[in-house]
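Q: Could you walk me through the cysteines in this one? I'd like the bonds, then the loose ends.

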Amino acid sequence: MSHIFISYSRKDIAFAQKIVDTLATQKLDTWIDWKSIPKGEDWEQEIYQGIEAADAFLFLISPDSVASEMCNKEINHSVENGKRILPIVLRNTDLKIIHPEISKRNWIYCRGDQDDFNAAIKQIRETIHTDYEWLKYHTNLQVKALEWRRRKDHSRLLRGRELQEAEQKLAMLEKKDPQPTNIQRQYALESRRRESRTKNTIFTVGVIVIVALALLSLFAFNQKILADDNAATAQANADIVLARQLSAQAQIIFSYKDSKQQVAVLLAIQSMHMFPTGASAQILQDNTLARPIARMTYSDNATFAFSPDGKYVAWGGCGQRDSNRSCTQGVTRVWELDTKKEISRMTHDNSVSSIVFSPDGKHIASSSGTAVRIWETATGREIARMTHDNSVDSLAFNPNGRYIASGGGTTASVWEAATGIEVARTTHDGGISSVAFSPDNKYLLWGGDDGTVHVWEFDTGKEVARMTHDGGVNSVAFSPDGKYVVSGSYDNTARVWEVDTGKEIARMTHDWGVISVAFSPNGRYVVSGSSDYTARVWETITGKEIARMMHDGSITFATFSPDGKYVVSGGCDQYALNGSFCISGSSRMWNFYTEKEIARMTHDNQVNSVAFSPNGKYIVSGGGTTASVWETATSKEIASMAHNDNVVSVAFSPDGQYVVSGSWDGTARVWEVGTGKEIARTKHDGSLIAVAFSPDGRYVVSGGYDNTVRVWESFTGKEIARMTHDDSISSVTFSPDGNFVVSGSYDKTVRVWEIDTGKEVARMTHDGGVNSVVVSPDGRYVASGEGDWEHTARVWKTTTGKEIARMTHDDSVVSVAFSPDGNYVVSGSWDGTARMWETTTGKEIGRVTHDGWVNSAVFSPDGKYVASGGKDNTVRIWESATGEEIARMTHNSFVNSVAFSPDGRYVVSGSADGTARVWIYRPEDLIADACTRVTRNLTRAEWKRYIGTALPYQAVCPNLPIEPEFFLPPQTP
């Protein structure tokens with residue numbers, strides 16, 4: 001099997017020979033057509049098979065190779081087979097005609113006398129040997145998969161350990177190169193399906209034998225019951241196998257973080273319907289699909305805007321077409337976000353191309369063809385009408401709303417908004433693509449198709465500065481302080497200019513044309529969106545690249561959120577096979593500091609316009625015939641509350657409306673669950689370790705390194721009582737009646753205190769420091785855990801301090817909790833386990849395992865689940881009866897404390913990442929939440945591909961329609 005396939009033009013054959021010979025000295029085999037195709041063979045098929053069997057695809061770039069039809073076929077076949085592609089530049093070439101799969105990769109330069117030939121060969125060798133084991137495995141798996149598909153021979157499917165290895169490798173990949181191919185996934189899935197079917201057949205045969213034997217000794221009624229039970233068991237097992245298969249498929253797709261994220265979420269939902277698992281739950285927890293809160297449909301692409309107060313969203317486009325698909329009526333519609341009701345509608349004679357709200361939100365300006373109109377937002381009443389010399393492409397109100405600028409064709413005009421009187425005009429040699437007012441009202445900015453950017457003094461009509469690109473300008477914007485201008489151009493650059501002088505301050509370069517640019521609210525950064533599939537953030541003054549966010553296709557729009565923390569970008573993710581139109585698009589919100597995608601909004605067409613609401617709470621995006629408003633906070637995390645240091649203890653109030661968190665920053669704080677708003681705090685003289693609410697929610701008890709236990713009012717922070725140990729406090733809790741506080745300390749004691757007097761009423765002594773204490777629901781027992789010596793959890797009689805039971809771990813016990821009925825204790829240990837025990841006997845009932853220390857473990861209020869958190873940064877939810885993991889949530893550092901809300905709906909976790917977070921976790925809640933985020937069900941083709949005939953086609957999310965079996969041709973209007 002050859003290591004490298006070489007694709008080249010015949011005009012470069014001499015150089016290709018040199019590379020082949022040199023690679024041979026590096027012990028790298030090559031496949032090249034002059035030496036690898038036997039005479040008389042079908043040469044094109046031989047070439048394709050050579051690509052399939054190669055580990056890597058080396059493409060020699062020259063003007064002749066990029067223009068070659070066969071070379072482009074070879075590139076397409078290498079992409080289809082998931083090959084590692086190495087572009088080698090032999091001669092400089094026009095970038096516009098290079099295959100996109102070649103242009104988007106890092107090139108190795110090997111241009112005659114210009115570049116170091118030996119250095120290029122070294123780069124090739126190093127690239128080939130990067131993740132070499134995976135590279136070889138990928139090639140072998142691809143060859144097997146293709147052979148299986150061509151021969152349609154099920155005996156070639158994977159089995160046993162070989163299948164398990166393939167599933168593990170495919171599921172664990174994130175950014176490996178090369179990525180798994182579709183045929184490899186299908187091969188693994190069909191192998192799993194066939195193996196599961198074989199096992200089910202064996203199982204069924206076993207069932208038949210059992211039933212046959214039963215016929216000899218049982219009555220007919222009992223025979224039927226047995227057969228039904230076995231059939232039910234067989235079906236249940238088949239459902240579990242299918243659920244795990246769907247979960248594995250979902251993990252593989254989800255790991256790519258590409259435009260198929262919605263498919264991964266739908267497969268995870270279906271898997272959860274059948275058999276909830278932690279793996280599927282993790283996908284539903286981690287998916288970034290935003291929740292649509294309103295959706296408006298129209299008959300064509302549109303433009304959008306939020307009102308300055310965020311109450312309204314407006315869109316403009318075509319409202320009606322004739323039989324020739326020509327627009328006969330344009331429309332602007334305004335919607336109230338809270339009620340999702342349309343409040344006004346304004347019509348034009350043609351499609352609306354641009355809309356903008358006035359700064360006070362009372363008026364809307366819209367353009368259609370050469371007409372510009374001003375409307376009253378609330379009523380749709382026309383205020384003024386202006387006629388431009390050409391079709392209008394861009395509108396902008398000045399900061400006080402008195403004037404509006406319009407740009408289109410070769411003219412930019414300024415009009416008085418109240419009367420429609422033209423007060424200024426400037427002409428341009430090329431088409432005007434974008435206009436903007438400076439924040440101080442002094443200047444008007446516009447960019448043109450001829451590559452120039454103009455700054456024009458509004459009062460005098462004098463041109464202040466002119467800046468020039470090497471290609472048409474697509475987008476321009478002023479910095480917030482008005483000192484700078486940023487422009488984006490088809491010359492592949494975004495440039496920052498000084499307004500007063502026109503001097504270029506910084507230049508930022510993309511691989512393809514820059515379509516959209518914007519400043520951050522503080523002016524420190526610029527974001528640019530490009531046809532090269534990236535949105536990039538740059539330092540304004542230096543042009544240094546700060547972040548790069550990747551889409552699956554061209555980006556048409558990019559901007560910052562109002563608070564400057566996020567970037568939202570939109571465009572096309574997938575084109576039709578002939579590349580003529582977009583079939584799938586998305587807007588994506590990013591934390592640009594981490595380059596992490598935190599929200600995704602999907603459309604069935606290219607996203608042409610995206611806007612944040614002024615408060616940053618919503619995003620509106622439009623693609624195809626749909627405009628949608630989305631919540632920007634998309635995590636299944638309900639709230640996140642931040643301390644200044646490690647959060648080590650958390651608890652819900654009895655009514656579930658508040659959370660208390662204790663931190664190493666020395667504070668305990670009470671927060672509102674729904675909003676994350678801080679309500680009250682208290683300050684110790686050292687780091688806190690433990691906090692808890694009283695049963696009536698009026699008080700909080702906290703303890704820490706200052707050796708004190710303090711009781712204080714939940715909503716004021718006022719201290720009520722203070723009790724002292726001889727060493728740091730590790731754990732605190734209230735008795736069920738609220739009259740006592742129980743505390744554990746590193747002084748090796750557990751103590752019971754009377755709240756009203758602060759008097760010690762009981763003391764229990766361990767052999768080492770006490771890490772955790774808890775009181776049983778009926779108040780009869782206290783459970784405690786220690787770790788210095790015997791690694792035990794112990795149960796004591798509350799009133800006498802007598803030891804009732806002792807349970808032993810393999811390392812320190814740091815957490816203990818009673819089940820709601822008091823019959824069981826769960827303990828978490830640094831031995832990596834959480835274990836369940838009978839309260840009165842100390843007998844172990846079950847255990848679950850983390851990938852590191854377990855720092856906290858608690859029962860849900862109904863006793864059905866256990867939540868545990870640990871050093872592996874995860875919170876895990878387990879069925880207490882079976883130990884089956886049903887959900888997993890991830891922090892950015894160790895999880896120190898977990899707690900259920902009183903109604904069992906939420907889990908709160910505190911972490912060393914400095915946050916306390918509230919999550920949903922129940923399968924039914926995760927499914928319901930996920931179904932509000934996806935915008936469609938699986939298509940019939942997707943169902944067939946991933947689920948096949950194992951289940952009949954149906955709705956994964958009942959709230960969404962399914963694809964009809966037959967499509968009727970569209971009716972001509």
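**Cysteine links**

A: The link of Cys931 and Cys957 is left-handed, with -80° about the S-S bond. This pair ties together distant parts of the chain, 26 residues apart: Cys931 sits in helix α14 (residues 923-931) and Cys957 in the segment after α15 (940-946). Helices here are DSSP runs of H or I with at least four residues, numbered from the N terminus.

Q: Hang on, what kind of model is this, and how are residues numbered?
A: It's a predicted model, where local features need pLDDT of at least 70, side-chain atom pairs count only at pLDDT 80 or more, and totals for chains, interfaces and linings use all residues. Residues are numbered from 1 along each chain as its sequence is written, and side-chain values use heavy atoms, with hydrogens and water left out.

Q: OK, how many disulfides does the structure hold?
A: Two, a disulfide being a pair of cysteine sulfur atoms within 2.5 Å. Cys931 and Cys957 have an S to S distance of 2.0 Å, and in the other disulfide the sulfur atoms of Cys318 and Cys327 are 2.3 Å apart.

Q: Why is the Cys318 and Cys327 disulfide right-handed?
A: Because the torsion about its S-S bond is about 110°.

Q: Buried or exposed, Cys931 and Cys957?
A: Both are buried, meaning under 20% relative accessible area (exposed is over 50%, partly exposed in between; 1.4 Å probe, protein chains only). Cys318 and Cys327 are buried too.

Q: New topic: what about Cys71?
A: Cys71 is buried, at 2% relative accessible area. Cys110 also counts as buried, with 3% relative accessibility.

Key: Helix = DSSP H or I, 4+ residues; strand = E, 2+ residues; numbered from the N terminus.
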